[in-house]
Amino acid sequence: MLRIAVPNKGMLSEPAWNILSEAGYRLRSNPRQLVVEDPDNEIELFYLRPLDIAVYVGRGTIDVGITGRDLLLNSGTEAIEHMQLGFGASTFRFAAPNDAPIHELADIDGKRVASSYDKLVSDYLTGHGIHADIIHLDGAVESSVQLGVADLIADVVSTGTTLRNAGLRVFGDPILHSEAILIRSPRLNAEDDRLTVLGRRLQGVLTAQRYVLMDFDIPVEKVSAAVSITPGFESPTVSPLHDKQWAAVRVMVPKAQVNQLMDRLYAVGARAIIVTALQASRM
């Protein structure tokens with residue numbers, strides 16, 4: 001069986017569970033269940049702490065896992081990033097007090113930096129020739145400066161509201177752009193058939209989440225113009241209608257562009273434009 005680790009809690013947990021469920025895998029039936037066997041799909045699902053997943057995959061007997069890129073790099077294990085999953089995006093950045101004379105990377109030299117991601121921060125600063133005292137804290141680090149533990153922090157930033165409320169400002173370039181990823185054990189061959197099937201299923205769900213199926217009727221002489229607007233993946237399906245002057249077109253289009261594409265198609269003569277949601281796909 002392929003052993004898969006997923007976050008037991010945290011911001012990555014629900015999207016990870018959803019993508020696995022949409023891919024046809026069995027999930028736990030109650031929140032206390034930490035191991036789920038799915039013999040029909042030949043997998044064993046383990047619910048683990050997000051911080052530990054990369055360790056289990058890199059050093060243990062778990063074959064693959066869903067975690068964040070930041071957590072993988074901070075783990076120091078040999079687990080390998082195998083596939084981007086397109087959710088849980090975040091930016092990892094430095095932040096200093098508003099009145100502190102810390103405005104660029106060089107200003108960090110000799111300072112105390114509080115972070116839950118001490119290895120990630122240490123590797124980044126070392127790579128830029130900066131020497132600093134990295135102070136490891138679990139959980140929120142925004143109060144560390146006010147409480148005298150650190151001079152600045154390095155943390156995940158989304159809107160920046162929490163930092164501003166703590167009297168902190170972001171500075172310098174991002175340390176890392178992170179997102180949810182599928183990681184694999186260094187002992188698992190990248191071409192393993194089980195991994196190929198898992199990747200294909202997950203990619204099918206991701207594609208279905210980003211695309212919709214669009215059907216429309218178009219005068220035959222306008223088909224080329226319509227296809228130039230909605231080229232699809234390989235090519236749209238074009239079928240003749242009872243009225244030989246019209247054709248029916250079916251094509252996959254990006255969900256985020258649906259209304260703009262409908263407007264453009266209508267302008268070139270398309271009618272009866274219908275959009276259908278996708279549940280899964282194989283591309």
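Which residues are linked with R69 in a network of salt bridges? The network comprises R69, E81 and E179, and it is shown in the first of the close-up views below. The views are drawn from a predicted model, in which local features need pLDDT of at least 70 and side-chain atom pairs count only at pLDDT 80 or more, whereas totals for chains, interfaces and linings use all residues. Residues are numbered from 1 along each chain as its sequence is written, and side-chain values use heavy atoms, with hydrogens and water left out.

**View A. Salt-bridge network of R69, E81 and E179.** A salt bridge is a side-chain nitrogen of Lys or Arg within 4 Å of a carboxyl oxygen of Asp or Glu. R69 and E81 form such a pair, with their closest N and O atoms 3.0 Å apart. This pair links helix α3 (residues 69-75), which holds R69, to strand β5 (residues 80-84), which holds E81, across 12 residues. Helices (H or I, at least four residues) and strands (E, at least two) are DSSP runs, numbered from the N terminus. R69 also bridges to E179, the closest N and O atoms being 3.7 Å apart. Because R69 lies in helix α3 and E179 in the loop between β10 (168-178) and β11 (180-184), this second pair ties together parts that are 110 residues apart in sequence. Both R69 and E179 are buried, whereas E81 is partly exposed at 32% relative accessibility. Buried means under 20% relative accessible area, exposed over 50%, and partly exposed in between (1.4 Å probe, protein chains only). For R69 the relative accessibility is 13%.

**View B. Salt bridge between D151 and R112.** The two side chains meet at 3.1 Å, N to O. D151 belongs to the loop between β8 (133-136) and β9 (152-157), and R112 to strand β7 (residues 112-115), so that the pair links distant parts of the chain, 39 residues apart. D151 is partly exposed, with a relative accessible area of 24%; R112 is likewise partly exposed, at 29%. In the whole structure, a search finds 8 salt bridges.

**View C. Open sheet of 4 strands.** The strand order is β13-β14-β12-β15, with antiparallel pairing; two strands pair if DSSP finds at least two bridges between them. β13 (237-240) and β15 (271-277) stand at the edges with a single partner strand each, so one side of each is left without a neighbour in the sheet. Neighbouring strands are turned by 20° against each other on average, direction ignored. Axes are lines fitted to C-alpha atoms, for helices over the stretch in contact, and angles run from 0 to 180 degrees between N-to-C directions. Strands β12 (residues 211-219) and β14 (residues 246-254) run antiparallel and are joined by 9 bridges. Helix α6 (residues 193-210) packs on the sheet and touches β12 and β14, its direction making about 50° with that of β12. Contact means heavy atoms within 4.5 Å.

**View D. Surroundings of S239 in strand β13.** S239 is partly exposed, at 32% relative accessibility. Leaving out residues up to four places away in sequence, S239 touches A247 and A248. A248, in β14, stands opposite D217. S239 and D217 are 22 residues apart in sequence and 9.5 Å apart in space, C-alpha to C-alpha.

**View E. Contacts of T230 in the loop between α7 (223-229) and β13.** T230 counts as buried, at 2% relative accessibility. Apart from neighbours within four places in sequence, T230 is in contact with F216, P236, V251, V253, L261 and L265.
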